[in-house]
Each structure stands twice: as structure tokens, then as C-alpha cells.
Amino acid sequence: MTSMILNGERRAVRAAAETPLLYVLREEFGLNAAKFGCGLGQCGACTVVIDGEAVFSCITPVMLAENRQVTTLEGLGTAEAPGPLQRAFIDAQAAQCGYCIPGMMMRAHALLARDPDASDAAIRAELEPHLCRCGTHMRILRAIRLAADAMRPRSTAEAGR
């Protein structure tokens, strides 16, 4: 039995310790945002965040999630109430086919949590492990910058404007 805090809720699953976290997320918990792409940790489609760090869930054994905070795209918001990063990707029309986008969003989430003022160079470097053929890279960068702006605490004076 493996227990983790999944999207803010304590969850337990009975799975072999070496089972990829991706399989558990999709098959046991019904969380389908993280995708199976390569199964080798080379494309980024399966990226989730564990304790603030972006990881490839296709090569991460579920036992490594024991008693840790695991966040998937579903934990950032809902279709009815998208979180700031999700809203920014919608507003910037950053998704085309959408297969790689959840992984990119999770890596961006981890980056912005540790560096809310990340430069374009830092954003590009962070997204480097992700493979995407759609050609919306400039919109993805714009969406991450929009999200950073939306997530940045505003001063009291700014909030009253």
C-alpha cells in the first residue's frame, strides 16, 4: 500500500512498489492529464510535480511518492474554475493538440512556485525536456508570463485600482 497527498488529499493505493506513478494516476485514480508519450522520461508528456519538483511520472516508481505531495494538472483547477496557469494557457490559446501541454504546464507550475519572476531564458531552459511539434511555443511562453503576472502578489495600492 502506498499513501501520498494527491492534489491536496491523502490517497492510498495498492500497487506494486515499482509500478510507474503515471499508471497509478491514470488507472487507479482516473487522473488523465498526464499522458503516456515515450515511457522513457524523454518527452515530458507525463510530467507531474512531487514536493515542488517536476518529475517524469512514467519512470518514477509509485513507491517514491510515499508520503509526498503529488500535484497533477487536475490539482491546479477545474474546467469551471481554472487556476491562474490554466487560465493563462486558455487566454493565450497556447494549446494546439494538447498532448504535451499538461506536462509543460506542470513544469511551468514548479518553476513559477520557486521563481515567480523567471526570465524568458529560465522558462525556455525549464521547458527544454519537453517535446512538442505543434508550433505554439511563443504562445506557451506568453501564457507562462501571463500566469506569472497573475500569480504575483499585488500591493494594496495596485489591488485598489
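**Exercise 1. Determine which way the side chains of β3 point, and whether they are buried or exposed.**

Step 1. From β3 (47-50), Thr47 and Val49 point one way, while Val48 and Ile50 point the other way. In a regular strand the side chains alternate between the two faces of the sheet.

Step 2. All of these residues are buried, where buried means under 20% relative accessible area, exposed over 50%, and partly exposed in between (1.4 Å probe, protein chains only).

Step 3. The model is predicted: local features need pLDDT of at least 70, side-chain atom pairs count only at pLDDT 80 or more, and totals for chains, interfaces and linings use all residues. Residues are numbered from 1 along each chain as its sequence is written, and side-chain values use heavy atoms, with hydrogens and water left out.

**Exercise 2. Identify the pairing partners of β3 and the residues opposite Val48 and Val49.**

Step 1. Strands (E, at least two residues) and helices (H or I, at least four residues) are DSSP runs, numbered from the N terminus. Two strands pair if DSSP finds at least two bridges between them.

Step 2. β3 runs antiparallel to β4, joined by four bridges; Val48 has Val55 of β4 as its bridge partner. Two residues separate β3 and β4 in a hairpin, and Asp51 in the turn has a positive phi of about 50 degrees.

Step 3. β3 also runs antiparallel to β5, through two bridges, and Val49 is partnered by Thr71 of β5.

**Exercise 3. Give the strand order of the sheet and state which strands stand at the edges.**

Step 1. The sheet is open, has five strands with mixed pairing, and follows the order β2-β1-β5-β3-β4.

Step 2. β2 (9-13) and β4 stand at the edges; each has a single partner strand, so one side of each is left without a neighbour in the sheet.

Step 3. On average, neighbouring strands of this sheet are turned by 40 degrees against each other, direction ignored.

Step 4. For β2, the partner is β1 (residues 2-6), in the antiparallel sense over five bridges. Met4 stands opposite Arg11 in β2.

**Exercise 4. Place helices α1 and α3 relative to the sheet.**

Step 1. Helix α1 (residues 21-28) lies across β1, β2, β3 and β5, and runs at about 100 degrees to β3. Axes are lines fitted to C-alpha atoms, for helices over the stretch in contact, and angles run from 0 to 180 degrees between N-to-C directions.

Step 2. α3 packs on the sheet and touches β3, β4 and β5, its direction making about 30 degrees with that of β3. Contact means heavy atoms within 4.5 Å.

Step 3. Leu21, Leu22, Val24 and Leu25 of α1 are buried; what covers the buried residues of α1 includes β1, β2, β3 and β5. Gly30, just after α1, takes a positive phi of about 70 degrees.

**Exercise 5. Describe how α3 and α5 pack.**

Step 1. The axes of α3 (residues 101-114) and α5 (residues 137-151) come within 11 Å and cross at roughly 40 degrees.

Step 2. The two helices are therefore oblique to each other: angles under 35 degrees count as roughly parallel, over 145 as roughly antiparallel, 65 to 115 as roughly perpendicular and the rest as oblique.

Step 3. Ile101, Met104, Ala108 and Leu112 of α3 make the contact with Ile140, Ile144, Ala147, Ala148 and Met151 of α5.
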